[in-house]
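Reader: Hey, got a minute to walk me through this one? I'd like to start with how far to trust it.

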Amino acid sequence: MPTSVSLDVNGRAVTIEVDDPGMPLLYALRDNLELKGPRFGCGLGQCGTCAVLLDGEPVLSCETPLTKVANKKVVTLEGLGSPEQPSPVQRAFIDEQAAQCGYCLNGMIIHATALLAKTKNPTVPEIKKALADNLCRCGTHLRIIRAVQRAARNA
Amino acid sequence: MLDFVSTRRGILKTGGALVVTFALAAKPYSALAQSSAPKKTVASDEVDGFLSIGTDGQVTVYSGKVDLGTGLRTALTQIVAEELDVPIDRVRLIQGDTALTPDQGVTAASLSIQKGGMQIRQAAATARKALAEIAAKRFGVATTELRIEDGMIKGNGMSVSYAGLIGDGTFSLKIDNNAPTKNPATYKVVGKSVARLDIPEKATGRFSFMHDFRVAGMLYGRVVRPLAIGASLESVDESSVSGVPGLLKVVREGNFLGVVATTEWGAIQAARTLKATWSNWEGLPDRAHLWDYVRATRIKSDVVTSNVGDSAKALSDAPKRISATYDFAVQTHGSIGPSCAVVEIKDGRITCWSASQATQSLRRQLAAMMDVPLDDVHCLYIEGSGCYGRNGHEDAAGDAALLSRAMGGRPVRVQWMRADEHGWDPKGPPTLVDLRAGVDAEGRITAWESDFFIPEDGFGPVPLIAATLAAGAPSAPITQPYGHGSPNVMATNSAIPYNLPNIKTVAHLLAETPFRWSWIRSPGRMQNAFANECFVDELAAFIGADPLDLRLGHLKDPRGADLLRRLATLARWKNRPSPRSPAQSDVMVGRGIGFAKDFPSPTYVGAVAEIEVDRRSGEIRVQRFFVVHDCGQIINPDGVRNQIEGNIIQTVSRTLKEEVLFDRSAVTSLHWATYPILTFPEVPDVIIELIDRPTETPSGAGEPAAAVVPAAISNAVFDALGVRLRSVPFTPAKVLAAIEGH
């Protein structure tokens with residue numbers, strides 16, 4: 001039985017039809033709204049690549065059911081900025097060339113954005129700790145750390 | 001007088017000397033002129049195979065090699081922009097489309113610049129030469145008096161654009177291997193750290209990965225794999241999923257089982273809920289005795305990979321001998337994004353979109369599995385999550401093909417779940433290496449012998465899971481046939497780069513290996529360089545020599561020697577033997593070296609690892625890596641650095657942590673908690689010095705750096721503790737056992 005679910009995504013109120021209101025937010029964002037920022041990595045909350053900001057806090061959308069996001073503001077990677085107008089953190093990632101395949105970038109940028117919102121000038125250990133649950137297989141970690149430092153400097 | 005007429009059918013024709021006539025152009029294509037655009041050639045000896053120039057001056061490059069997240073798109077764009085003297089933003093790249101791009105083989109082994117890029121460079125050089133000759137005739141000057149910039153050819157007060165000469169036409173030229181390429185001293189784009197073209201879109205969610213690809217009417221599929229690798233499907237209870245919203249079909253073909261739904265979440269729920277009964281199968285070896293199993297496996301053939309002097313005699317004559325055995329665990333690719341593909345079948349023609357590193361061989365495999373002519377299969381590459389070898393993309397494509405066929409050809413998207421990926425992608429095979437060496441009374445190494453136990457067959461297409469399962473018989477993944485006639489990739493680097501009077505290295509090709517296997521970053525190169533470079537270190541310690549000094553003393557190659565000297569400076573290497581003097585604190589530090597002159601890419605790389613090891617916990621912390629890297633001409637220095645950093649960090653992960661776990665039936669390390677990889681707090685610093693040799697041919701960057709990592713870490717642990725780690729991964733338990741047994 002399809003159910004209507006109302007969401008606030010990237011500042012826009014949207015209503016989607018889903019079969020299961022317990023469906024994880026990730027599939028609503030990717031399949032119903034055709035957003036490309038949040039990505040499926042493991043579906044188990046282990047890799048971080050599906051992260052979004054929920055009322056400003058990073059959450060893993062692969063294990064966040066739609067029932068838990070009612071009346072909350074969802075911001076995805078697209079909601080932070082665009083190639084034409086990247087957010088300061090996105091800008092720093094571009095400037096540091098902090099990507100190889102780029103599949104994990106969503107989780108990195110979402111978590112870095114949340115970190116810098118609370119900690120203006122994080123130390124390297126603080127950055128590493130904040131990103132510890134985000135996996136990168138290509139080995140771009142050092143560039144990502146430099147990107148977060150750069151974003152902090154430019155803030 | 002000959003002149004060039006620019007038309008949509010414009011043709012440059014050569015037969016040694018350049019001959020251009022409109023008549024020639026009109027003749028072969030007169031029939032085509034009325035039809036739609038002629039089929040683009042994909043011939044790899046034709047300029048038109050690789051390049052076209054539009055009426056707007058846009059240069060399109062058709063590359064059979066694909067960007068697997070390595071920055072290849074940017075590097076190839078630089079190569080073409082440089083050779084044709086056009087701005088980078090006027091070059092676009094089409095990659096891995098079997099209808100449009102020449103077959104340049106699998107994108108693997110860090111050969112995309114060295115081989116693929118050089119083919120494309122030569123195509124561009126041929127095009128440039130032809131265009132210049134036309135312009136020279138038109139202007140009435142010698143080609144040496146022309147200037148080319150920004151896609152404009154100028155001379156004798158006149159100018160013409162490439163578009164004006166060829167716009168939308170075909171070159172109809174064989175690639176001329178004698179066409180001069182630009183003098184590297186004049187390079188403006190190659191050799192510069194041009195920013196990656198894809199990062200702005202990737203950092204902002206606009207980039208479309210394979211996982212974002214959609215076609216109209218697309219359905220969602222998921223696979224349900226056997227509980228044991230070789231199990232047979234006995235029964236399926238379809239009523240178990242009758243209530244799943246959106247489910248359209250349960251698809252069963254032999255032992256292949258999958259579901260198709262209108263929504264992704266519906267497909268996931270159906271795959272999770274579906275009740276199926278599988279036979280028992282316990283064909284995997286006992287993991288606790290894996291190396292006994294490998295050693296007992298039947299050897300099908302031996303390949304002598306190097307043979308100098310008489311090693312057997314020298315070894316038996318040697319007054320002192322040492323020997324050691326090294327092993328390297330089964331590992332998984334572990335891409336962060338899972339394998340994904342979309343297949344559609346229309347009028348009997350199969351279209352497959354995937355992130356395959358090998359769209360050409362995938363096309364052949366799909367044609368065989370689906371029993372259709374090759375011409376009826378079209379494979380297109382779309383970038384996926386980082387790809388480090390033949391992982392599961394081709395298999396997801398096979399899955400999608402079977403599911404699409406079951407749905408009457410409707411497009412079906414298959415994305416693997418994490419357990420499908422960890423459980424079913426082809427594995428890096430277990431590798432075992434025995435080494436022996438002889439030393440004379442003066443401490444000189446007189447003999448080196450080694451035996452490498454590796455799977456038979458090398459680089460052929462890995463069998464598709466869907467094809468094996470659908471065939472119905474209980475699958476026997478151990479003995480599946482691979483492609484033949486290709487060099488055995490796992491034997492790479494089995495020969496050593498050092499000059500010794502007597503050497504014999506032998507690859508023993510095994511009839512069986514526990515898993516469907518494939519190449520993962522630096523295949524063979526890494527396992528073999530691990531054994532070789534550790535054993536060199538063992539010899540240095542045995543003789544009481546400095547490990548770097550010993551290598552230098554046996555390296556006649558000046559590029560290799562230059563690199564080692566630079567590495568010594570970069571890492572502030574202190575000349576002394578290992579281990580360092582025993583100050584027995586709980587946490588010990590050490591330094592270790594690894595070196596490789598790599599093949600098939602003639603890249604030189606040396607690395608020094610600095611580590612800390614905790615004697616109480618057995619934990620190794622890699623603090624930093626110093627790397628000196630010589631890959632000849634560098635196309636994009638920052639791109640090379642990015643690849644080196646990535647390969648070092650990924651291989652630190654593989655060396656310290658990674659090992660596929662399994663019972664007698666299947667893989668049991670099905671997610672990141674049971675197959676952990678390196679995380680941010682564990683990542684070492686990487687300090688890199690690049691040696692640029694603009695006049696040398698570019699060779700591979702990336703995998704060569706990975707090859708030296710395990711040995712450098714093992715040698716550093718020996719330097720710290722005086723114990724030798726000979727089994728990857730270097731888990732705390734193995735470190736403690738090594739200390740205990742010392």
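Author: Over residues 474–486 of chain B, pLDDT (the predictor's confidence in each residue, from 0 to 100) stays under 50. The model has 35 contacts beyond four places in sequence for that stretch, a contact being heavy atoms within 4.5 Å.

Reader: And what about pLDDT over residues 1–36 of chain B?

Author: It stays under 50 there too, with 61 contacts beyond four places in sequence. Chain B averages 92, and 92% of the residues score at least 70.

Reader: What are the ground rules here?

Author: This is a predicted model: local features need pLDDT of at least 70 and side-chain atom pairs 80 or more, while totals for chains, interfaces and linings use all residues. Residues are numbered from 1 along each chain as its sequence is written, chains are lettered from A and ligands numbered from 1 in the order written, and side-chain values use heavy atoms, without hydrogens and water.

Reader: Switching to helices: which residues of α20 in chain B are buried?

Author: V735(B), A738(B) and I739(B). Helices are DSSP runs of H or I, at least four residues, and strands are E runs of at least two, numbered from the N terminus; buried means under 20% relative accessible area, exposed over 50%, partly exposed in between (1.4 Å probe, protein chains only).

Reader: Why do they line one face?

Author: Down the axis of α20(B) they fall within an arc of 100°, taken from the directions from the helix axis to the C-beta atoms, so they line one face.

Reader: What covers them?

Author: The cover includes β24, β25 and α19 of chain B. On the face turned away sit the exposed A733(B) and E740(B).
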